[in-house]
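User: I'm new to this structure and would like a close look at one part of it. Could you walk me through the place where the ligand sits?

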Amino acid sequence: MFSIGLTGGIGSGKSQVAQWLDQWGAAVIDTDQIAHALTAAGGQAIAALRGAFGAAAIAADGSLDRAWMRAQAFADPAVRQRLEGIVHPLITQSAQQQAAQASGTYLVYVVPLLVETGHWQARVDRVCVVDCDPDTQVRRVSARSGLTPEAIGRIMSTQASRETRLAAADDVIVNDGTTSLDTLRQQSWRLHQFWCGHALRSRTLTLPPK
Ligand code: ADP
């Protein structure tokens with residue numbers, strides 16, 4: 001199936017765009033949701049995470065202790081690499097399983113760290129970046145989550161820069177501080193139509209039965 005990798009920094013507006021694409025008939029696969037499921041109690045990644053980081057990594061309810069893990073990963077890049085080495089292959093595997101069963105005009109993989117992790121670019125037909133200036137990202141995320149600007153800045157410092165992300169883009173949706181939700185929706189619709197055209201052309205048409 002023709003596929004899009006939808007990415008953007010935290011608070012850029014990816015989830016909002018993905019929600020519309022889903023409503024319009026694309027099959028959306030959200031890798032953040034997959035990561036949450038893998039690290040929830042009983043999730044597929046839990047045993048490996050306990051093995052790698054010890055019992056301290058697992059909360060009393062059996063899920064990954066996210067606050068503990070985040071603190072360790074921020075303090076030590078080697079820990080972050082090990083964590084990603086466990087979780088990322090499982091995310092890819094689960095995303096592929098979902099894709100095999102998906103029905104829609106085309107596939108949209110929502111991948112926050114698409115540019116950072118590298119391997120997604122080879123798996124999708126086009127990379128779409130939702131582009132936003134850092135000040136607006138901080139404003140949106142603090143309104144949504146109540147995190148402090150410092151905490152948001154720390155998350156953003158682990159993500160690719162705006163320039164690096166744009167350099168990887170085939171398609172760009174502008175969603176900066178001056179973009180209204182309506183303008184965002186219109187841009188998303190134009191790209192949706194463009195991708196539907198691609199999806200149709202990339203389909204192997206077989207002669208219908210007599
Ligand atoms: P991401 O998934 O990239 O982290 P979201 O789609 O969740 O970002 O957007 C972050 C927040 O900002 C959400 O509450 C969303 O509704 C809001 N938002 C995004 N774009 C706009 C916009 N152009 N105007 C107003 N609010 C927006």
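How many nonpolar, polar and charged residues are there in the lining of the largest pocket?

Analyst: Before we dig in, keep in mind that this is a predicted model. As for your count, the lining of the largest pocket has 19 nonpolar, 17 polar and 10 charged residues. That lining is made of 46 residues, and D32, P112, L113, I155 and Q159 are the ones nearest the pocket's centre. Several helices chip in with two or more lining residues: α1, α2 (31-38), α4 (66-75), α5 (77-101), α7, α8 (149-157) and α10 (181-202). Of these, α5 provides the largest share, seven residues. The space inside the largest pocket comes to about 1500 Å³.

This is also where you'll find the ligand, since it sits in the largest pocket. Zoom in on the ligand and you'll see 14 residues around it, with G11, K14, S15, R144 and N175 the closest. Sorted by class, this shell has two nonpolar, nine polar and three charged residues. Two helices, α1 (14-23) and α7 (134-145), each bring at least two residues to the shell. The top contributor is α1, which gives three.

Now for the atoms themselves. Start with K14: an N or O atom in its side chain is 2.8 Å from an oxygen atom of the ligand. Over at N175, an N or O atom of the side chain is 2.8 Å from a nitrogen atom of the ligand. T179 joins in through its backbone instead, with an N or O atom there lying 2.9 Å from a ligand nitrogen. As for how wrapped up the ligand is, on its own it has 560 Å² of accessible area, and the protein covers 75% of that.

So, to pull the picture together: the ligand sits in the largest pocket, α5 leads the lining of that pocket, and α1 gives the most to the shell around the ligand.

Definitions and conventions:
Residues are numbered from 1 along each chain as its sequence is written. This is a predicted model: local features need pLDDT of at least 70, side-chain atom pairs count only at pLDDT 80 or more; totals for chains, interfaces and linings use all residues. Side-chain values use heavy atoms; hydrogens and water are left out. A residue is near a molecule or strand if one of its heavy atoms lies within 4 Å of it. A polar contact is a pair of N or O atoms within 3.5 Å; within protein, one must be able to donate a hydrogen and the other to accept it, and residues adjacent in sequence count only if both atoms are side-chain atoms. Accessible areas come from the Shrake-Rupley method with a 1.4 Å probe; for residues, only the protein chains shown count as cover. On a 1 Å grid over the protein atoms alone, a cavity is a set of points where a 1.4 Å probe fits but cannot get out, and a pocket is an open set with protein on both sides within 12 Å along at least five of seven lines; lining residues have an atom within 4 Å of a point. A molecule sits in a cavity or pocket if more than half of its atoms lie within 2 Å of its grid points. Helices (H or I, at least four residues) and strands (E, at least two) are DSSP runs, numbered from the N terminus. Ala, Val, Leu, Ile, Met, Phe, Trp, Tyr, Cys and Pro count as nonpolar, Asp, Glu, Lys and Arg as charged, and the others, Gly among them, as polar. Grid points are joined across faces, edges and corners, and a volume is the space filled by probe spheres set on the points.
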